[in-house]
Amino acid sequence: MTAVLPAACSSPPAFAAGELPVLRERGQREVFCGLTGIVWLHRKMPDAFFLVVGSRTCAHLIQSAAGVMIFAEPRFATAIIEDKDLAGLADANEELDRVVRTLLERRPDIRTLFLVGSCPSEVIKLDLARAAQRLSRTFAPHVRVLNFSGSGIETTFTQGEDACLASLVPEMPAPGEHAGEELLIVGTLPDIVEDQLSRLLDAAGVETFRFFPPRSVSALPSVGPATRVLLAQPFLAETARRLSDRGATIIPALFPFGAIGTTSWLIAAADSLGIASEYVRRAYLSSWRRARTALERPRALLAGKRVMFFPDSQLEIPLARFVATELGMELVEVGTPYLHRQLLQEELNALPVGTRLSEGQDVDRQLDRCLAARPDLVICGLGLANPLEALGIATKWSIELVFSPIHGYEQAGDLAELFTRPFVRRSRLMV
Ligand code: SF4
């Protein structure tokens, strides 16, 4: 479902010394809500269960977005807030307890249950943090109940994952007394990508690393002052903050998109554990060459084309850096729902001088800028794609870039091909 917020104000461009100017906008936005994250989180952590406390709309979103659920044992459901709950005629906490009890009786294999907040649960001010504590006590020690919000009022698209992972941080154990430095790679990655990155880290001599979230939510990695955190996704600001509060150090790096981003990310990983970057570069030379070769064909099609990113997934800045530096595309504007400068500083430094950045959204104003600039390609949410196509502008759904495996050397060519597809499709239609 699209979350539509009332127009408020749009401030003029803000300039800071030594920084790229950022146009800050606060108005109507067109993005999916954070419930969407359940689609990939439930696949990553098959021993977790996600109970959305929401409306029938929330249930439709999550079922249609994750249509595969009917083929697999469902790992998520919706506790529907009915009209009488919304009108305050029923005790929503009692209703929730009843639904959870029924669920756990039916599914005694559930060990970790996430209560996921939504717009309706927020509107009736249902305190899911307290509900999670109460239910954790009731069902201890067999079931751990946690909560996070996926509400469209509070979150956009990828923030659901951030909220979910942040809720797990307090559950992570402290390292053992004699534990040494350990690398923690943070962000949900497809298993196949995780395996490829593991092999690359092994090849560079990085021996002590874990992934978060893990493939089993009952085997959470430890975190403490010797933990070095390397983010694999750029939208995990709250998770990074909580890991930092536990004493972990966040390592600055480009995100592992394209040959350049992947190399920077791997060097940062090795460097954090004291492994020389020259050794790492040698270890990755053939992977680097393969990735660069895979980029040649898409680059021939895309070089010189003008692209505009609408704010949606928070992947925009690293992807803009990739298309500009490795595919030769020209950046018209790079929008992002939130700009976390600390986490994205390396990416910002790598953007071409003068790149126009915008944070937040006022969709009408951004559409006006888009139509005035007439880019060759727009990366945007589903709701904007068709109208722009009708106006003759090629589009790519940003959600596809979240659902596709795009990290690492092996995926560099596939990632680039995703940007060529709208042009290939259009040329076929014109034949
Ligand atoms: S959480 Fe809000 S925006 Fe998301 S599906 Fe439910 S009602 Fe819609």
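In this predicted model, the axes of helix 12 (residues 285-302) and helix 18 (residues 412-430) come within 8 Å of each other and cross at roughly 15°. That angle makes helix 12 roughly parallel to helix 18, and their crossing is left-handed. On the side of helix 12, the contact is made by Ala-291, Ala-294, Leu-295, Pro-298, Leu-301 and Leu-302. Their partners in helix 18 are Ala-412, Gly-413, Ala-416, Glu-417, Phe-419, Thr-420 and Phe-423. Sorted by class, the residues of this contact comprise 10 nonpolar, 2 polar and 1 charged.

A second pair of helices can be described in the same terms. The axes of helix 7 (residues 159-168) and helix 9 (residues 237-245) come within 7 Å, with a crossing angle of roughly 20°. Helix 7 and helix 9 are therefore roughly parallel to each other, and the crossing of the two is left-handed. Here Asp-162, Ala-163, Leu-165 and Ala-166 in helix 7 meet Ala-237, Glu-238, Thr-239 and Arg-242 in helix 9. The contact of helix 7 with helix 9 contains 4 nonpolar, 1 polar and 3 charged residues.

A third pair joins helix 10 to helix 13 (residues 316-327), packed at an angle of about 120° with their axes 8 Å apart. Angles from 65 to 115 degrees would count as roughly perpendicular and angles over 145 as roughly antiparallel, and helix 10 and helix 13 are therefore oblique to each other. Helix 10 contributes Gly-258, Ala-259, Ile-260 and Gly-261, which meet Pro-318, Phe-322, Thr-325 and Glu-326 in helix 13. The residues of this contact divide into 4 nonpolar, 3 polar and 1 charged.

Helix 10 also leads into the interior of the model. In soluble globular proteins, nonpolar side chains tend to be buried together. The largest nonpolar core in this model holds 123 residues, and those with the most contacts inside it are Leu-51, Val-53, Phe-114, Leu-115 and Val-116. Helix 10 (residues 258-272) supplies the largest share of this core, with 8 residues. For a closer look at one of the core residues with the most contacts, Val-116 is a handy choice. Leaving out residues up to four places away in sequence, Val-116 touches Leu-35, Ile-38, Phe-50, Leu-51, Val-52, Val-53, Phe-148 and Gly-150. Leu-51 and Val-53 thus appear among the contacts of Val-116 as well as in the list of residues with the most contacts inside the core.

Several loop positions complete the picture. Leu-273 sits in the loop between helix 10 and helix 11 (277-283). With 18 other C-beta atoms within 10 Å, Leu-273 is partly exposed; a buried residue would need 20 or more. Beyond its neighbours within four places in sequence, Leu-273 is in contact with Glu-181, Leu-183, Val-206 and Arg-228. The C-alpha atoms of Leu-273 and Thr-208 are separated by 8.8 Å, although the two residues are 65 residues apart along the chain.

The loop between helix 15 (363-373) and strand 16 (377-380) holds Asp-376, and Arg-374 lies there too. Asp-376 has 17 C-beta neighbours inside 10 Å and counts as partly exposed, whereas Arg-374, with 12 such neighbours, counts as exposed. Arg-374 is not a glycine, yet has a positive phi of about 45°. Outside its neighbours within four places in sequence, Asp-376 is in contact with Lys-305, Arg-306, Val-307 and Ala-394. The C-alpha atoms of Asp-376 and Arg-215, 161 residues apart along the chain, are separated by 40 Å.

A positive phi is also found at Lys-125, about 55° in this case, and Lys-125 is likewise not a glycine. Lys-125 belongs to the loop between helix 5 (119-123) and helix 6 and is exposed, with 7 other C-beta atoms within 10 Å.

Cis peptide bonds deserve a friendly word as well. One joins Ala-140 and Pro-141, with omega at about 0°, and Pro-141 is placed in the loop between helix 6 (128-139) and strand 8 (144-149). Another runs from Phe-212 to Pro-213, where omega is near 10°. Pro-213 lies in the loop between strand 10 (209-212) and strand 11 (227-231).

Note on methods
Residues numbered from 1 in each chain as written. Predicted model: local features only at pLDDT ≥ 70, side-chain atom pairs only at ≥ 80, totals over all residues. Axes fitted to C-alpha atoms, helices over the stretch in contact; angles between N-to-C directions. Helix = DSSP H or I, 4+ residues; strand = E, 2+ residues; numbered from the N terminus. Parallel < 35°, antiparallel > 145°, perpendicular 65-115°, else oblique. Left-handed = near helix turned anticlockwise from the far one by under 90°. Contact = placed C-beta atoms within 7 Å. Nonpolar A, V, L, I, M, F, W, Y, C, P; charged D, E, K, R; others polar. Core = buried A, V, L, I, M, F, W, Y, C linked by C-beta atoms within 7 Å.
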